Amino acid sequence: MGITVNGTDVDLPDDPRVSLLDLLREKLHLSGTKKGCDQGACGACTVLVDGQRILSCLALAVQYEGRSVTTIEGVGADGALHPLQQAFIEHDGFQCGYCTPGQICSAIGMIEELRRGVPSHITGDLHATSIPYSRDELRERMSGNLCRCGAHNGIIDAIAETYRANPQPEAAE
Amino acid sequence: MSIVDKGKEAAQGIAQSVMKKAVELAPGALLPGGRPDPLIRRQHGHIGKPVSRVDGPLKVRGAAPFAAEIALDGMVYAALAYSTIAKGRIVTLDTGAAEAAPGVVLVMTHRNAPRLNPPPRFLSGDKAAAGDDSPVMQDDRVRWNGEPIALVLAETQEQADHARSLIRVTYAEEPAATSLPTADGCEVGTFMGEPLRAVVGDADAAFAAAPHKVEAVYTTPGHNHNALEPHGATLVWRGDELFIHDATQAVAHTAWSMAQIFDLEEAQVHVSSPFVGGGFGAKGLWQHQILAAAAARLAGRPVRIALSREGVYRIVGGRSPTEQRVALGADADGRLTAIIHRGVTPKTRHSPMPEPFILPTQSAYAAKTFALEVQTCYLDMVANTFMRAPGEAVGTVALECAMDELAEQLGMDPVELRILNEPEKDPLSGRPFSSRNIVAAYRAGAQRFGWERRNPVPRSRREGDWLVGMGCATATYPYHRMPGGAARITLDAAGHARIDVAAHEMGMGTATTHTQVAADRLGLPLEAVTVRYGDSSLPGVILAGGSQQTASVGLSVMMAHQELVGELLKLAGNDSPLAGLGADEVECADAGLRKLDEPGRFESYASILARSGRSELVVEGSAPMPLETMHWSMHSHGAMFCEVRVNAITGETRVSRFLGSFDCGRILNPKTAASQFRGGIIMGLGLALMEETQFDGRNGRIMNRNLSDYHLPVHLDVPEIEVIWTDIPDPHAPMGARGIGEIGITGTGAAVANAIHNATGRRVREFPITLDKLL
């Protein structure tokens, strides 16, 4: 058994040292997932595993046997852009584009966490069943994804607009 | 003289006379008496529209290929081992275990590296690119803590990284200068050939006699660029030709410099860099490209070198720390009588770059006397380099905090103090300003920000545990345009134009903005224009640095466009409605040429080309020398406003509001320009509150060489930042536009510090202003 990446089964690497990130980038040539620090500090390598966001640089590929991985290449449907991808363009939520795939995958995973009522560092009431949807919640929850060009305002605008208009987004498969 | 030499001489003579004629004929659009760029007048074109990025769809899909993502057949992976001492010699270097490790193809050290010429140091020649001109793995010497001492090539990155860990080295250490007290020598720094020193009158005497004065020392630490894309390259030798997929701000410079290092002709090196994951001054030629190319040659295999985050800190320089003393003297009305700005910054002997922190002070305020000086000391450390607004970013911290301190002493509003001291002409050079509307920027910014609600008495506004305050500061960055700009226009029979220019897209919006500008210049819809860039085979020597790329590309395309119009009129001939018209009687519109005052006399490009039997028309233009900066003092300007909330119990500072009001000439694309301004401001928030390269003064090693310990502003640190601009075109700049890429980081640090002072009453002069300094 291997790993499912964007709906396709792929073999586990022979070398157990290979991170999920390097499997994607170097073996599968899915280089949309970026390597910014390779030590879990920047979020550029964020992918979705069974719908949850993880840092693929801190994940050994062999640990993900049987799991379903969605990368930026798998976010849009049938070649069309995901509404969040379109919103990033409209709101100029990037400059160089290097952190962008990680920001987008992270936001998709983050919205599901918010909908499940998972509290964040700034959530006032940890026992609340639903979390108020605010820019500060978005900003706090996206703070693990660094951007050095300074597109922060556009990124939050893009996320806020996408999910305000569409409060029940389709989860990435 | 041989016949060959005579031929050469004759050809040179012809070339010179052609050149002279070209200079005479050039319209001197940017010079005194010249006609400004006609695009400045155009109001209803693509310029000024918030066009979304043309490369946006590629980037949001992760489909834009970066340098370390190009796959080449037979490629091997590189890993570097770095020295752990600052200075000395390698005594033993045991590579046996590494060579025997699985998958290893090559271990390269100074013993087997090919002989290489030293890298041409940036600014030492027109196309010199290297941030450091130390020999690259040519001897047993160690020059800084972190210098590469070995490179491993292996079939996989994992194998290369493991083998690298098996290398054993011993050193004979020598005393090293790794902190200012142990620095080697101290002298007046030079920047772009000019000494960093300016004296007008007797500033010390004027300061001593001034009825109002402030004097203080401000320190800023080292900074690292930390572009999210670490430096990397994928390269291959094909015969004697070297092909480099690089992440660089200087494709043409890199190709020439690599040719010098490897004893090649410039045309034998091909550098491609269409996407760069952030640069900020750091993406130049450093040791990794050179080492990878040397190893690729030895191994006969293509090589990918992707620096680790630590690797970037070890071999790519950052901004140097500074210690700046500012003394301002003013008369009873608040007019400056003395501006003294002196200080010290370290550099290496192999770097072209003393941090020139007095630059912003040279043109900021009118004063009777000036004494400005940058002293440079030499340390054994990784070569320091250019980082976003070198000089201005940290120089404005000192100058603009001092202005705030002076305003407080005078009991004046800090905005009014600045406006009172606004110079009529450049205070040092005496040259007129090309366009300076900083007062308008201040007035508009103050009104929009609600500056009148600021209580001038520090620590007078408290909301619960939070102390709230406002501050302002001036932002400034010079207009640059470097020599060497050139561009090619290819117009095809279908009326599509392709612009070829060796420019760079690191996120500034280059591709998008120049599509807009070229479309307006050619009278074409956006869809009919393609801009090709990021390759050393394209025309021009154009650095993506000094906020000058837009001016350089814009003028190059303008010159090529003049050629194009001339050629089209020739091709149109006598059967065209345009017959008999000269280039200055026509304009480009509706995908063709038309007479300026008689729009009915029109012929489309497609028609002209079809009638002359041409499938395309190719023209090239070169930008003239940047003489406009000899006639005018040219700068982008801004007024920064900040509101902070400082926790009275924890000392935590949160920036709650920020507004940048800019005067940078015409804004070509408000969407991408706003991002450039915000990006600079956010890096300035980092400078103010958290960024610091921690340099171990005992051994010259950078301690926080990762993104966990070097703190950048993250989403929660960044408020919604408002940016506005005057949009007043500069008649002496191409398209009326001065640079916008760097000014955002200037003034921001001081605006934050001044707001913190207003909130808390605490004046922190040691940056960054971390919470411990507010307790």
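Reader: How many residue pairs are in polar contact across the interface of domain 1 of chain B and domain 2 of chain B?

Author: In this predicted model, the rule finds ten such pairs, both residues at pLDDT 80 or more. A polar contact is a pair of N or O atoms within 3.5 Å; within protein, one must be able to donate a hydrogen and the other to accept it, and residues adjacent in sequence count only if both atoms are side-chain atoms.

Reader: And how many salt bridges does the rule find there?

Author: The rule finds zero salt bridges across that interface, where a salt bridge is a side-chain nitrogen of Lys or Arg within 4 Å of a carboxyl oxygen of Asp or Glu.

Reader: Which element gives the most to the domain 1 side?

Author: α13(B) does, with six residues; helices are DSSP runs (H or I, at least four residues), numbered from the N terminus.

Reader: Where are the domain bounds in chain B?

Author: Domain 1 covers 25-64 + 482-625, and domain 2 covers 428-480 + 630-774. These bounds come from an automatic or database domain assignment.

Reader: How far apart do the C-alpha centres of the two domains lie?

Author: They lie 35 Å apart.

Reader: What area do the two domains bury between them?

Author: They bury about 2200 Å², 60% of it on carbon and sulfur atoms. Buried area is the accessible area (1.4 Å probe) that two parts lose on being put together, summed over both.

Reader: What conventions apply to numbering and atoms?

Author: Residues are numbered from 1 along each chain as its sequence is written, and chains are lettered from A. Side-chain values use heavy atoms, leaving out hydrogens and water.

Technical notes. Predicted model: local features only at pLDDT ≥ 70, side-chain atom pairs only at ≥ 80, totals over all residues. Helix = DSSP H or I, 4+ residues; strand = E, 2+ residues; numbered from the N terminus.
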